[in-house]
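Work through these short exercises with the structure in view. Each task is followed by its solution.

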Amino acid sequence: LVASYGLINTLFTISILQIAAIMTPNPDFWSERKVLLTGHTGFKGAWMACWLTRLGARTTGLALFLSL
């Protein structure tokens, strides 16, 4: 599969595999790295916490305590 992007009469062609290689997180970078997440109780933040934990990061979340 090939994705093409036009830019002012110039055509850049990059393969899907090249895009995937660029966008794949490096577990060696995240291993044992301390990460502080705000918004970890939301949908996107919860997924980010899961991904970082799977990559080996030491993830901590910060949330406000709201009393009703």
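Accessible areas here come from the Shrake-Rupley method with a 1.4 Å probe. The model is predicted.

**Exercise 1.** State the accessible surface of the protein and the share that belongs to carbon and sulfur atoms.

*Solution.* The surface comes to about 6200 Å². Carbon and sulfur atoms hold 66% of that surface. As for the interior, buried residues make up 12% of the 68 residues.

**Exercise 2.** Give the pattern that the protein follows along the sequence.

*Solution.* Begin with the inventory: three helices and four strands. Read in order, they give β-β-α-α-β-α-β.

**Exercise 3.** Sort the side chains of strand β3 (residues 34-38) by face, then find how β3 pairs with strand β4.

*Solution.* Take the faces. V35 and L37 point to one face and are buried. K34, L36 and T38 point to the other face and are not buried. Now the pairing. β3 and β4 (residues 58-62) run in the parallel sense, with five bridges. K34 has R58 of β4 as its bridge partner. Add helix α3 (residues 43-54), and β3, α3 and β4 form a right-handed β-α-β unit.

**Exercise 4.** Classify the pair formed by the rings of F29 and W30.

*Solution.* Ring centres must lie within 6.5 Å, and planes over 60 degrees apart count as edge-to-face. The count comes to one aromatic pair. The centres of the F29 and W30 rings are 5.0 Å apart and their planes stand at 90°, so the pair is edge-to-face. F29 is partly exposed, at 40% relative accessibility. W30 is partly exposed too, at 23%. Finally, the charged end of R33 sits over the F29 ring, 3.9 Å from its centre.

Conventions
Residues numbered from 1 in each chain as written. Predicted model: local features only at pLDDT ≥ 70, side-chain atom pairs only at ≥ 80, totals over all residues. Heavy atoms only, no water. Helix = DSSP H or I, 4+ residues; strand = E, 2+ residues; numbered from the N terminus. Buried < 20%, exposed > 50% of the residue type's maximum accessible area, 1.4 Å probe, protein only. Pairing = 2+ DSSP bridges. Right-handed = clockwise from strand over helix to strand, strands pointing away. Phe/Tyr/Trp six-rings, centres within 6.5 Å; stacked < 30°, edge-to-face > 60°. Lys NZ or Arg CZ within 6 Å of the ring centre and 35° of its normal.
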